[in-house]
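Open the model in a viewer and keep the selection panel at hand. The stops below are given in the order in which to select them.

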Amino acid sequence: MNKMMAMAVAAGLFLAGCETAPKPAVALTGNPAGQASQSARLKVGEQLEVELAGNPTTGYNWLLTDFHEGPLKLEKDDYIPENRFLTGAPGKFRWVFRALAPGETKLEFRYFRPWETFNPQQDARCEYRIAVE
């Protein structure tokens, strides 16, 4: 019984030390089926998360095509499959930015096959105007 109690206490202490990821101050989304233009306001130190639905198994990828560091810093970009056990399943492309300094910037993402030329009639584009206070 004492051994079980010690293991339970140790597990509780271990889990108590784990931190969950902080929620972003602003989360923006888009859809590859259309074109989106959104804006957001952040305070210095806050996080911005952009999530765009897509499926890289089709050859299409969301690419950050226009971004100049200054007010924002890119901290992370990754792809999160909806079902990691199902080959070919769609998911979300995600970028996490941190607001560093007051100012304005633009983020532009394009959903296309990188080996092909971007075609505005066929491919998607999302643009976000970001103001940092």
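The tour goes from the whole chain to the strands, then to the core and the aromatic rings.

**Before selecting**

This is a predicted model, in which local features need pLDDT of at least 70 and side-chain atom pairs count only at pLDDT 80 or more, while totals for chains, interfaces and linings use all residues. Residues are numbered from 1 along each chain as its sequence is written, and side-chain values use heavy atoms, with hydrogens and water left out.

**Whole chain**

Show the protein chain as a cartoon: its secondary structure comes to 1 helix and 8 strands, in the sequence pattern α-β-β-β-β-β-β-β-β. Helices (H or I, at least four residues) and strands (E, at least two) are DSSP runs, numbered from the N terminus.

Switch to a surface. The protein chain exposes about 8600 Å², of which carbon and sulfur atoms supply 55%; accessible areas come from the Shrake-Rupley method with a 1.4 Å probe, and for residues only the protein chains shown count as cover. Of the 133 residues, 32% are buried. Buried means under 20% relative accessible area, exposed over 50%, and partly exposed in between (1.4 Å probe, protein chains only).

Among contacts with a separation of 6 or more, 66% are between residues 24 or more positions apart. Contact means heavy atoms within 4.5 Å.

**Strand β6 and its partners**

Select residues 91–99, strand β6, where 7 of the 9 residues are buried. Add residues 47–54: this is strand β3, which runs antiparallel to β6 and is joined to it by 8 bridges. Ala53 stands opposite Lys92 of β6. Two strands pair if DSSP finds at least two bridges between them.

Then add residues 72–81, strand β5, which pairs with β6 in the antiparallel sense over 9 bridges. Here Lys73 has Arg98 in β6 as its bridge partner.

**Strands β7 and β8**

Select β7 and β8, an antiparallel pair with 9 bridges. Lys106 stands opposite Arg129 in β8. Because 7 of the 9 residues of β8 are buried, the strand is largely enclosed by the rest of the structure.

Pick Thr105 in strand β7. Thr105 is buried at 12% relative accessibility. Leaving aside residues up to four places away in sequence, Thr105 touches His68, Pro71, Leu72, Tyr128, Arg129 and Ile130.

**The loop at Phe67**

Go to Phe67, in the loop between β4 and β5. Its C-alpha atom is 6.8 Å from that of Glu108, although the two residues are 41 residues apart along the chain. Beyond residues up to four places away in sequence, the contacts of Phe67 include Leu74, Phe97 and Leu107.

**The nonpolar core**

Which residues have the most contacts inside the largest nonpolar core? They are Val50, Trp62, Leu72, Phe97, Leu107, Phe109 and Ile130, in a core of 21 residues. β2 (36–42), β3, β6, β7 and β8 each supply at least two residues of this core, and β8 gives the most, with 5 residues. A nonpolar core is a set of buried Ala, Val, Leu, Ile, Met, Phe, Trp, Tyr and Cys residues joined through side-chain atoms within 4.5 Å.

Centre on Leu107. Not counting residues up to four places away in sequence, Leu107 touches residues including Leu48, Val50, Leu64, Phe97, Cys126 and Ile130.

**Aromatic rings**

Show the side chains of Phe, Tyr and Trp. A search of the whole structure finds 8 aromatic pairs. Rings of Phe, Tyr and Trp (its six-membered ring) pair if their centres lie within 6.5 Å; planes under 30 degrees apart count as stacked, over 60 as edge-to-face and the rest as tilted.

Select Trp62 and Tyr111, a tilted pair at 5.0 Å centre to centre with 35° between the planes. Trp62 lies in strand β4 (residues 61–66) and Tyr111 in strand β7 (residues 103–112), so the pair ties together parts that are 49 residues apart in sequence. Trp62 is buried at 3% relative accessible area, and Tyr111 is buried at 10%.

Next, select Phe109 and Tyr128, an edge-to-face pair at 5.9 Å centre to centre with 70° between the planes. Phe109 is in strand β7 and Tyr128 in strand β8 (residues 124–132), 19 residues apart. Phe109 is buried at 0% relative accessible area, and Tyr128 is also buried at 0%. Add Tyr79, Phe93 and Trp95 to see the cluster that ring pairs form with Phe109 and Tyr128.

Finish at Arg110, whose charged end sits over the ring of Phe118, 4.4 Å from its centre. A charge sits over a ring if NZ of Lys or CZ of Arg is within 6 Å of the ring centre and within 35 degrees of the ring normal.
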